[in-house]
Amino acid sequence: MFKKILCPIDLTHADKLTKALDIASGMAKEGGGELCFVGIHGASPSTSAHTEKEYRERLEDFAAAEASSRGVKISTHPHYSHDPAVEIAPAIIEAVATTGSDAIVMASHVPGWMEHIFHSNAGYVACHAPVSVFVVR
């Protein structure tokens with residue numbers, strides 16, 4: 001059904017992505033498609049990586065491990081940002097066109113009171129993306 005499914009990956013919270021990755025890999029297998037992991041990393045050193053090169057390598061290593069364990073093809077698309085907290089949702093939407101993805105599967109947290117005032121990243125992506133968006137809690 002979907003040929004390339006974009007999956008936003010936060011390497012700092014990779015342990016919380018299992019459910020979304022289970023669904024995304026199942027969709028890819030069923031439709032004969034592939035996954036594309038997009039990771040947004042800031043220009044400043046962070047807990048996930050100190051340099052752009054290190055971040056790219058960590059994202060590729062994570063994708064290779066997931067591809068091996070899930071039996072699905074996975075590519076990566078690292079995106080570098082000056083302010084990831086502000087630019088994450090637009091960067092995900094931009095990655096759709098850049099990677100040629102035709103769907104997005106992304107994890108989301110349980111909404112709190114702030115989401116009644118401001119969109120969550122997943123909410124923003126779901127409202128503005130030009131492709132189908134599956135938000136997994």
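**Entry 1: a cut-off, and His 77**

Before looking anything up I wrote down the cut-off that I would need, namely that a residue is called buried when its relative accessible area is under 20%. I also noted that the model is a predicted one.

I then turned to His 77, which I found in strand E3. Its relative accessibility is 18%, and because that value is under 20%, His 77 counts as buried. Which residues does His 77 touch, once its neighbours within four places in sequence are left aside? I listed Cys 36, Phe 37, Val 38 and Gly 39, then Leu 59, and finally Ala 95, Thr 98 and Thr 99.

**Entry 2: Thr 99**

Thr 99 appears in the list for His 77, and I looked it up next. Thr 99 has its place in helix H3, and at 13% relative accessibility it counts as buried. Leaving aside neighbours within four places in sequence, I found Thr 99 in contact with Lys 4, Leu 6, Cys 36 and, once again, His 77.

**Entry 3: the order of the elements**

With two residues placed, I stepped back to the whole chain. I counted four helices and five strands in the protein, and reading from the N terminus I noted the order β-α-β-α-β-α-β-α-β. Of the 137 residues, 44% count as buried. For contacts between residues at least 6 apart in sequence, I noted that 75% join residues at least 24 apart.

**Entry 4: helix H1**

I checked the length of H1 against what its residue count predicts: at 1.5 Å a residue, its 14 residues should span 20 Å, and the C-alpha atoms at its ends are 20 Å apart, which agrees. The buried residues that I listed in H1 are Ala 20, Leu 21, Ala 24, Ser 25, Met 27, Ala 28 and Gly 31. These residues cover an arc of only 155° around the axis, which puts them on the same side of H1. On the other side of H1 I found Lys 19, Lys 29 and Glu 30, which are exposed. What covers the buried residues of H1 includes strand E1 (4–8), together with E2, H2, E4 and E5. After H1 comes Gly 32, and I noted that its phi is positive, near 70°.

**Entry 5: helix H2**

I made the same kind of check on H2 (residues 52–70), where 19 residues at 1.5 Å each should span 27 Å, and the end C-alpha atoms are 27 Å apart, which agrees. Where do the buried residues of H2 lie, seen down its axis? I first listed them as Tyr 55, Leu 59, Phe 62, Ala 63, Glu 66, Ala 67 and Arg 70. Seen down the axis they fall within an arc of 135°, so they line one face of H2. The face turned away from that buried side carries the exposed residues Asp 61, Ser 68 and Ser 69. The buried residues of H2 pack against helix H1 (18–31), strand E2 (34–42) and strand E3 (74–81). Leu 59, which is buried in H2, is also one of the contacts that I had listed for His 77. Gly 71 follows H2, and its phi is likewise positive, near 70°.

**Entry 6: helix H4**

In H4 the buried residues are Ala 122, Gly 123 and Val 125. Viewed down the axis of H4 they fall within an arc of 165°, so they line one face of the helix. I found these buried residues packing against H3, strand E4 (103–107) and strand E5 (132–136).

**Entry 7: H3 against H4**

I looked up how H3 and H4 meet, since two packed helices are described by the angle between their axes and the distance between the axes. The axes of H3 (residues 84–99) and H4 (residues 121–128) come within 9 Å and cross at roughly 35°, and the crossing is right-handed. From H3 the contact is made by Ile 88, Ala 89, Pro 90, Ile 92 and Ile 93, and from H4 by Asn 121, Tyr 124, Val 125 and His 128. Sorted by kind, the residues of this contact are seven nonpolar, two polar and no charged.

**Entry 8: Glu 94**

Last, I looked at Glu 94, which also has its place in helix H3. At 47% relative accessibility I entered Glu 94 as partly exposed. Its C-alpha atom is separated by 8.7 Å from that of Ala 129, although the two residues are 35 residues apart along the chain.

Note on methods
Residues are numbered from 1 along each chain as its sequence is written. This is a predicted model: local features need pLDDT of at least 70, side-chain atom pairs count only at pLDDT 80 or more; totals for chains, interfaces and linings use all residues. Side-chain values use heavy atoms; hydrogens and water are left out. Axes are lines fitted to C-alpha atoms, for helices over the stretch in contact, and angles run from 0 to 180 degrees between N-to-C directions. Helices (H or I, at least four residues) and strands (E, at least two) are DSSP runs, numbered from the N terminus. A crossing is left-handed if the near helix is turned anticlockwise from the far one by less than a right angle, and right-handed if clockwise. Contact means heavy atoms within 4.5 Å. Ala, Val, Leu, Ile, Met, Phe, Trp, Tyr, Cys and Pro count as nonpolar, Asp, Glu, Lys and Arg as charged, and the others, Gly among them, as polar. The expected span of a helix is 1.5 Å times one less than its number of residues. Buried means under 20% relative accessible area, exposed over 50%, partly exposed in between (1.4 Å probe, protein chains only). The arc is that of the directions from the helix axis to the C-beta atoms.
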